[in-house]
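Thank you for making time this morning. I would like to walk through one structure, moving from its aromatic contacts to its interior and then to a few single residues.

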Amino acid sequence: MTETFETIRYTADVVCIRGTEVLLIERGWPPYEGAWALPGGHVDPGETSRAAAARELHEETGVTVHPAALKQVGVFDGPARDPRGRYVSVAYLASVPVGTAATAGDDARTARWWPLAELPPLAFDHADILAALTTSS
């Protein structure tokens, strides 16, 4: 019997809420270049997904939250969630005070607060992550 192994990449995403708004980034490169997405990215060697989520949020938006303040939303592991291959992401919720500013950094072209009721189409399965948040609250 031949065994087949799949390369799986580990990532973390953040749903950052400010009042009735969510923080999104405009992606700076493929896949989904120019599309809106939740802040997030790869978990580095030796790093937890929670620490990666806090780090990626800061790198991409300038918003700082302590990893312990993040609440897990869920694990997203659909085989086709990313066109680059198999990615498993742990999504977290961060709540920040109204008035918290965001500035694009790292691989984000733009960082913008969007009203939850007026979201643009989202890259990857990020609409599913937001939907999971609203059904678990």
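Let me begin with a charge and a ring: the charged end of Arg-112 sits over the ring of Trp-114, at 3.6 Å from the ring centre. Please keep in mind throughout that what you see is a predicted model.

Trp-114 takes part in a second arrangement as well, since its ring and that of Trp-36 have their centres 5.2 Å apart and their planes at 75°, and so the pair is edge-to-face. The angle settles that description because planes over 60 degrees apart count as edge-to-face. This pair links distant parts of the chain, with Trp-36 in strand β3 and Trp-114 in strand β7, 78 residues apart. Both rings belong to buried residues, Trp-36 having a relative accessible area of 14% and Trp-114 one of 10%.

How many aromatic pairs does a search of the whole structure find? The search finds two. In the one I have not yet described, Tyr-32 and Phe-124 are again edge-to-face, at 4.7 Å centre to centre and with 70° between the planes. Tyr-32 lies in the loop between β2 and β3, and Phe-124 in the loop between β7 and α2, so this pair ties together parts that are 92 residues apart in sequence. As for their surroundings, Tyr-32 counts as partly exposed because its relative accessibility is 36%, while Phe-124, at 17%, counts as buried.

Let me turn now to the interior. The largest nonpolar core has 20 residues, and those that touch the most other members are Cys-16, Leu-23, Leu-57, Val-63, Val-65, Leu-70 and Ala-94. Two or more residues of this core are given by each of β1, β2, α1, β6 and β7, and the largest share, four residues, comes from α1. Apart from this core lies another, of 15 residues, including Val-15, Leu-38, Val-73 and Leu-93.

If we look at Leu-23 by itself, and leave aside residues up to four places away in sequence, its contacts include Cys-16, Leu-57 and Val-63, and also Leu-38, Ala-111, Arg-112 and Trp-113. The Arg-112 in that list is the residue whose charged end sits over the ring of Trp-114.

Next come two polar residues, both of them buried. Which residue does the side chain of Ser-89 meet in a polar contact? The partner is the side chain of Thr-11, at 3.3 Å. Ser-89 is found in strand β6, and it counts as buried because its relative accessibility is 0%. Beyond residues up to four places away in sequence, Ser-89 touches, among others, Thr-11, Ala-12, Asp-13, Phe-76 and Arg-81.

Asp-125, for its part, is found in the loop between β7 and α2, and at 12% relative accessibility it counts as buried. A polar contact of 2.7 Å joins its side chain to that of Arg-81. With residues up to four places away in sequence set aside, Asp-125 touches Phe-76 and Arg-81, and these two residues are also among the contacts of Ser-89.

I will finish with Pro-97, which has its place in the loop between β6 and β7 and which, at 58% relative accessibility, counts as exposed. Its C-alpha atom is separated by 7.2 Å from that of Gly-19, although the two residues are 78 residues apart along the chain.

How values were computed: Residues numbered from 1 in each chain as written. Predicted model: local features only at pLDDT ≥ 70, side-chain atom pairs only at ≥ 80, totals over all residues. Heavy atoms only, no water. Core = buried A, V, L, I, M, F, W, Y, C linked by side-chain atoms within 4.5 Å. Buried < 20%, exposed > 50% of the residue type's maximum accessible area, 1.4 Å probe, protein only. Contact = heavy atoms within 4.5 Å. Polar contact = N/O pair within 3.5 Å; in protein donor to acceptor, adjacent residues only side chain to side chain. Phe/Tyr/Trp six-rings, centres within 6.5 Å; stacked < 30°, edge-to-face > 60°. Lys NZ or Arg CZ within 6 Å of the ring centre and 35° of its normal.
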